[in-house]
Amino acid sequence: MKYRKKPVVVEAIKLGWDTWNEICDFVPEDAFGGGVYLDDVTLKELPEGKTSNAIGLKINTLEGVMLAQQGDYIIKGVNGEFYPCKPDIFEKTYEPLKCAKCGEVIKTEIVFCNDAEQRICSQCWNSVQEV
């Protein structure tokens with residue numbers, strides 16, 4: 001049999017030095033296993049005390065501790081679980097969620113505005129409510 005993935009909305013952040021603070025706010029304490037340095041070439045975890053330019057994150061998942069490497073996406077799943085995803089798989093599986101009204105990528109809150117489950121951004125929702 002063949003199956004198609006159900007359309008679900010997830011939150012995700014790409015792991016990098018520029019998103020580290022956002023990652024720290026995004027991943028809850030029970031899932032946050034700690035940041036690590038990775039070898040710049042192999043992306044393997046370095047021993048404690050060694051540093052590099054590559055960052056990693058240990059994530060406590062339902063399957064055990066997983067190591068997210070710089071460039072991986074950290075996903076919050078539909079049941080609130082967190083896990084890493086390689087960028088090539090992420091980009092084949094997910095696409096940015098766009099507002100049905102203005103077409104902009106929705107970065108934070110979304111609102112379901114009708115039976116067709118069209119999603120609109122909070123800015124468009126606020127403009128509709130003001131009318």
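The lining of the largest pocket in this predicted model divides into 16 nonpolar, three polar and ten charged residues. In total, 29 residues line this pocket, and those nearest its centre are Val10, Glu11, Glu95, Pro96 and Leu97. The volume of the pocket is about 1000 Å³.

Several elements of secondary structure contribute to this lining. At least two residues each come from strand 1 (11-14), helix 1 (20-26), strand 5 (73-76) and helix 2 (87-93). Strand 1 gives the most, with four residues.

Attention may now turn to a single residue, Asp72, which is placed in the loop between strand 4 (64-69) and strand 5. Asp72 counts as buried because its relative accessibility is 3%, and the limit for that class is under 20%. The side chain of Asp72 is joined to the side chain of Lys86 by a polar contact of 3.1 Å. When neighbours within four places in sequence are left aside, Asp72 is in contact with Ile13, Lys14 and Leu15, with Leu67, and with Cys85, Lys86 and Pro87.

Strand 4, which comes before the loop of Asp72, also has a pairing partner of its own. Strand 3 (residues 54-61) and strand 4 run antiparallel and are joined by six bridges. Within this pairing, Asn60 has Val65 in strand 4 as its bridge partner. The connection from strand 3 to strand 4 is a hairpin, made through two residues.

Technical notes
Residues are numbered from 1 along each chain as its sequence is written. This is a predicted model: local features need pLDDT of at least 70, side-chain atom pairs count only at pLDDT 80 or more; totals for chains, interfaces and linings use all residues. Side-chain values use heavy atoms; hydrogens and water are left out. On a 1 Å grid over the protein atoms alone, a cavity is a set of points where a 1.4 Å probe fits but cannot get out, and a pocket is an open set with protein on both sides within 12 Å along at least five of seven lines; lining residues have an atom within 4 Å of a point. Grid points are joined across faces, edges and corners, and a volume is the space filled by probe spheres set on the points. Ala, Val, Leu, Ile, Met, Phe, Trp, Tyr, Cys and Pro count as nonpolar, Asp, Glu, Lys and Arg as charged, and the others, Gly among them, as polar. Buried means under 20% relative accessible area, exposed over 50%, partly exposed in between (1.4 Å probe, protein chains only). A polar contact is a pair of N or O atoms within 3.5 Å; within protein, one must be able to donate a hydrogen and the other to accept it, and residues adjacent in sequence count only if both atoms are side-chain atoms. Contact means heavy atoms within 4.5 Å. Two strands pair if DSSP finds at least two bridges between them.
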